[in-house]
Amino acid sequence: MAPQVARTSSKRKVDNDSDESNRDEEPSQTSQSSKKARKEDPPPNTLPTNKALPVKIDLPPKQSGISRIASWNVSGLAASEKKGFKFYVEAEDPDILILTETKLNKASDDAALKARYPHQYWSISAKKGYAGTAVLSKQKPLNVDQTIPGHPDPESVKGRIVTLEFETFYLVGTYVVNAGQGLKTLEEKKVWNKHFFAYMNELDKKKPIIWAGDLNVAPTALDLANPKTNWNKTAGYTEAETSAFKNFLEASETPDGNKFLDIWRTLHPEQRAYTYFSYRFNCRAKGLGWRIDGFVLSERFKDRVSTCDIRDEIYGASDHVPVVLEVTGSL
């Protein structure tokens, strides 16, 4: 049996036919200064750099009365499955599993995954081998949608969003548009933000929201290893993207709307931790990453949050690591 993953405590306190196929559109660290880990980053040797997940993975057991939601950019589900994807799912056993960048051309027919999650919703991109978002649930939702009302290009939305309505909240899983290498698709990202945030505000008028997935934005300088060298140069960390995200959280553009929380940052205000490490330049070993995956909640939902953790130790089956949210009560 393969050795057990060295676990990072969830309670620690440290206050291409597609662009995605080579991850070239993702944030990268190419400057000379990025070759040195900043002193506030976690020491490189604390992060496992294995190329596949071991069979046995030790994660905190789910407590009674808690619903667990996990979100993971798998960077190609077929590839991830060959590197231990199922071992993580078995160990985590979330009630809802959000998968982004699946790169599938049709819904998965994995029997074991179907047995664990009888309610599966796969959003497939109109472009082969590109994007892809899925939400898998143990509980049947009241309604399901895969659109953004009012978006001028519905075809571009395919593969990027799945919305599930449950009794007490909406769950919105997304693989948000990336601004692209050289910011070539920043205008497309702006269109996405405009219509997506309007959609979120409309949903929030009905019941609270949990938005999760690859958000493709590093909200603050704490959320990437080299903020100065990437500012307004690299997708995910531009004035246009960070301001749009901040304005949405603070309801700045909709004064009569409700506020939202980047819940991991709310719970860990000073901590540096990342969810994405480029395969290029040996970034994982150097601790050079970005926090671009996570959960955003309606502010009034905060009291139901038990924990929100980045699974630092789940590395090897993707260039991203999962993020997990636990909430009290039923879905």
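Reader: Hi! I'm looking at strands E11 and E12: how many bridges join them?
Author: There are 5 bridges between E11 and E12, and the two strands run antiparallel. Strands pair here if DSSP finds at least two bridges between them. The labels come from DSSP runs numbered from the N terminus, with helices (H or I) of at least four residues and strands (E) of at least two. One bridge partner is easy to find: Val-305 sits opposite Val-327 in E12.

Reader: Before I go on, what kind of model is this?
Author: This is a predicted model, in which local features need pLDDT of at least 70 and side-chain atom pairs count only at pLDDT 80 or more, while totals for chains, interfaces and linings use all residues. Residues are numbered from 1 along each chain as its sequence is written, and side-chain values use heavy atoms, with hydrogens and water left out.

Reader: Good to know. What does E12 pair with on the E1 side?
Author: E1 and E12 pair over 6 bridges, in the antiparallel sense. Ile-66 has Thr-328 of E12 as its bridge partner.

Reader: And is E12 covered or not, how many of its residues are buried?
Author: E12 is mostly covered, with 5 of its 6 residues buried. Buried means under 20% relative accessible area, exposed means over 50%, and partly exposed is in between, using a 1.4 Å probe and protein chains only.

Reader: What's the order of the whole sheet?
Author: It is an open sheet of 6 strands in the order E3-E4-E2-E1-E12-E11, and the pairing is mixed. Strand E3 (119-123) and strand E11 (305-310) are at the edges with a single partner strand each, so one side of each has no neighbour in the sheet. From one strand to the next, the twist averages 10°.

Reader: Which way do E1 and E2 run?
Author: Strand E1 (residues 66-73) and strand E2 (residues 96-100) run parallel, joined by 5 bridges. Asn-73, for example, has Thr-100 in E2 as its bridge partner.

Reader: Which strands does helix H2 touch?
Author: Helix H2 (residues 85-92) packs on the sheet and touches E1, E2 and strand E12 (323-328), with its direction at about 165° to that of E1. Angles run from 0 to 180 degrees between N-to-C directions, and axes are lines fitted to C-alpha atoms, for helices over the stretch in contact. Contact means heavy atoms within 4.5 Å.

Reader: Which residues of H2 are buried?
Author: Phe-85, Phe-87, Tyr-88, Val-89 and Glu-92 are the buried ones. They pack against E1, helix H1 (77-81), E2, helix H3 (111-116) and E12.

Reader: What follows H2?
Author: Asp-93 does, and its phi is positive, near 45°, in a residue other than glycine. Asp-93 is in the loop between H2 and E2 and counts as partly exposed at 26% relative accessibility.

Reader: Changing topic! What's the strand order in the sheet with E5?
Author: That open sheet of 6 strands runs E5-E6-E7-E8-E10-E9, with mixed pairing. Strand E5 (143-145) and strand E9 (260-262) are the edge strands, each pairing on one side only. The twist averages 15° from one strand to the next.

Reader: And how do E6 and E7 pair?
Author: Strand E6 (residues 161-165) and strand E7 (residues 170-175) pair over 5 bridges in the antiparallel sense. Gly-173 in E7 is the bridge partner of Val-162.

Reader: Which strands does H7 lie across?
Author: H7 lies across strand E8 (209-214), E9 and strand E10 (293-298), at about 130° to E9.

Reader: Nice. At what angle do H5 and H7 pack?
Author: Helix H5 (residues 186-204) and helix H7 (residues 239-250) pack at an angle of about 5°, and their axes are 11 Å apart. H5 and H7 are therefore roughly parallel (under 35 degrees; over 145 is roughly antiparallel, 65 to 115 roughly perpendicular and the rest oblique). Contact residues include Phe-197 and Met-200 of H5 and Phe-245 and Phe-248 of H7.

Reader: Last one: where is Pro-269?
Author: Pro-269 is in the loop between helix H8 (263-267) and helix H9 (283-286). The C-alpha atoms of Pro-269 and Leu-222 are separated by 9.2 Å, though the residues are 47 apart along the chain.
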